[in-house]
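This briefing goes through one protein chain, beginning with a single backbone position and ending with the overall fold. Please keep the sequence and the model in view while reading.

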Amino acid sequence: MTSPHARLAELGLSVPPPPPPKGNYFPVRRHRGQLWVSGATARTSAGPAVVGVVGDDVTVAQAQDQARVAALNLLAAIDAAVGLDAVTAVLHVRGYVRGAPTLTDHPAVIDGASGLLLVVFGDEVGAHARTAIGVASLPGGACVELDLVAAVDD
């Protein structure tokens with residue numbers, strides 16, 4: 001069985017350093033076999049995420065790419081806390097899309113993250129329940145933010 005790190009490498013990706021929290025919260029909270037991962041945007045060590053409103057100044061395709069980067073940041077938090085190999089199931093992903101009032105493609109945006117998680121963990125572990133909602137604003141003006149709940153080995 002291929003490891004999550006190997007699957008990332010096959011995509012030409014690697015787990016980035018986990019972004020430090022920008023407030024009084026923990027990036028990850030583990031409780032009774034569950035790992036609750038705090039919200040992550042697509043910010044990287046190179047700078048902030050793409051800012052803007054999906055459907056106005058950010059395309060759905062650009063927002064999907066941002067969702068993939070945000071998912072990588074979630075993976076970074078998981079890897080730092082317990083290691084990706086400890087994940088036994090991705091239970092739920094919640095995606096927030098900063099969208100124009102007429103935007104209806106929220107699920108398509110979050111598909112960028114869901115697709116990455118399915119590839120990295122495989123269908124057995126990576127299949128997850130999901131919520132995709134539109135919001136008026138996000139931290140730093142980001143167009144996408146994600147959070148995640150995973151089951152992990154105790």
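Arg32 has a relative accessibility of 75%, which is over the 50% cut-off, so Arg32 counts as exposed. The model is a predicted one. Arg32 sits in the loop that joins β1 (28–31) to β2, and its phi is near 45°, a positive value in a residue other than glycine. Most residues other than glycine have a negative phi.

**Arg32 and the end of the chain**

- Asp154 belongs to the segment after β5 (144–152).
- Apart from its neighbours within four places in sequence, Asp154 is in contact with Arg30, Arg32 and Gly33. The loop residue Arg32, between β1 and β2, is therefore one of the contacts of a residue in the segment after β5.
- With a relative accessible area of 78%, Asp154 is exposed, because exposed means over 50%.
- Between the C-alpha atoms of Asp154 and Pro4 there are 19 Å, although 150 residues separate the two along the chain.

**The start of the chain**

- Thr2 is placed in the segment before α1 (4–10).
- The relative accessibility of Thr2 is 34%, so Thr2 counts as partly exposed, a class that lies between the 20% and 50% cut-offs.
- Beyond its neighbours within four places in sequence, Thr2 is in contact with Arg7 and Glu10.
- The C-alpha atom of Thr2 lies 24 Å from that of Val37, with these positions 35 residues apart along the chain.

**Helix α3**

- Gly122 is part of helix α3, which covers residues 106–126.
- Gly122 counts as buried because its relative accessibility of 14% is under 20%.
- Setting aside neighbours within four places in sequence, the contacts of Gly122 are Arg7, Leu117 and Ala127. Arg7 is also in contact with Thr2.
- Gly122 and Ala89 are 33 residues apart along the chain, and their C-alpha atoms are separated by 9.9 Å.

**The loop between β4 and β5**

- Pro139 is found in the loop between β4 (129–135) and β5.
- Outside its neighbours within four places in sequence, Pro139 is in contact with Thr41 and Glu145.
- The C-alpha atoms of Pro139 and Leu91 are 24 Å from each other, and the two residues are 48 positions apart along the chain.

**The largest pocket**

- The largest pocket holds about 350 Å³ of space. Its lining is made of 21 residues, and those closest to its centre are Tyr25, Gly39, Ala40, Thr41 and Arg43.
- Thr41, one of these residues closest to the centre, is also a contact of Pro139.
- Which element gives the largest share of the lining? That element is β2, with four residues.
- β2 (34–40) and α2 (60–81) each contribute at least two lining residues.
- Sorted by class, the lining has 13 nonpolar residues, five polar ones and three charged ones.

**The chain as a whole**

- The protein chain contains three helices and five strands, and their order along the sequence is α-β-β-α-β-α-β-β.
- The radius of gyration is 15 Å, close to the 15 Å given by the globule rule for 154 residues, so the protein chain is as compact as a globular protein of that length.
- The C-alpha trace spans about 45 × 35 × 30 Å along its principal axes.
- Of the 154 residues in the protein chain, 44% are buried.
- Among contacts with a separation of 6 or more, 83% are between residues 24 or more positions apart.
- About 7700 Å² of the protein chain is exposed, and carbon and sulfur atoms supply 54% of that area.

Methods. Residues numbered from 1 in each chain as written. Predicted model: local features only at pLDDT ≥ 70, side-chain atom pairs only at ≥ 80, totals over all residues. Heavy atoms only, no water. 1 Å grid on protein atoms, 1.4 Å probe; cavity = no way out; pocket = protein on both sides within 12 Å on 5 of 7 lines; lining within 4 Å. Points joined across faces, edges and corners; volume = space filled by probe spheres on them. Nonpolar A, V, L, I, M, F, W, Y, C, P; charged D, E, K, R; others polar. Rg over C-alpha atoms; globule rule 2.2 N^0.38 Å. Buried < 20%, exposed > 50% of the residue type's maximum accessible area, 1.4 Å probe, protein only. Contact = heavy atoms within 4.5 Å. Areas by Shrake-Rupley, 256 points an atom, 1.4 Å probe, with all protein chains shown as cover.
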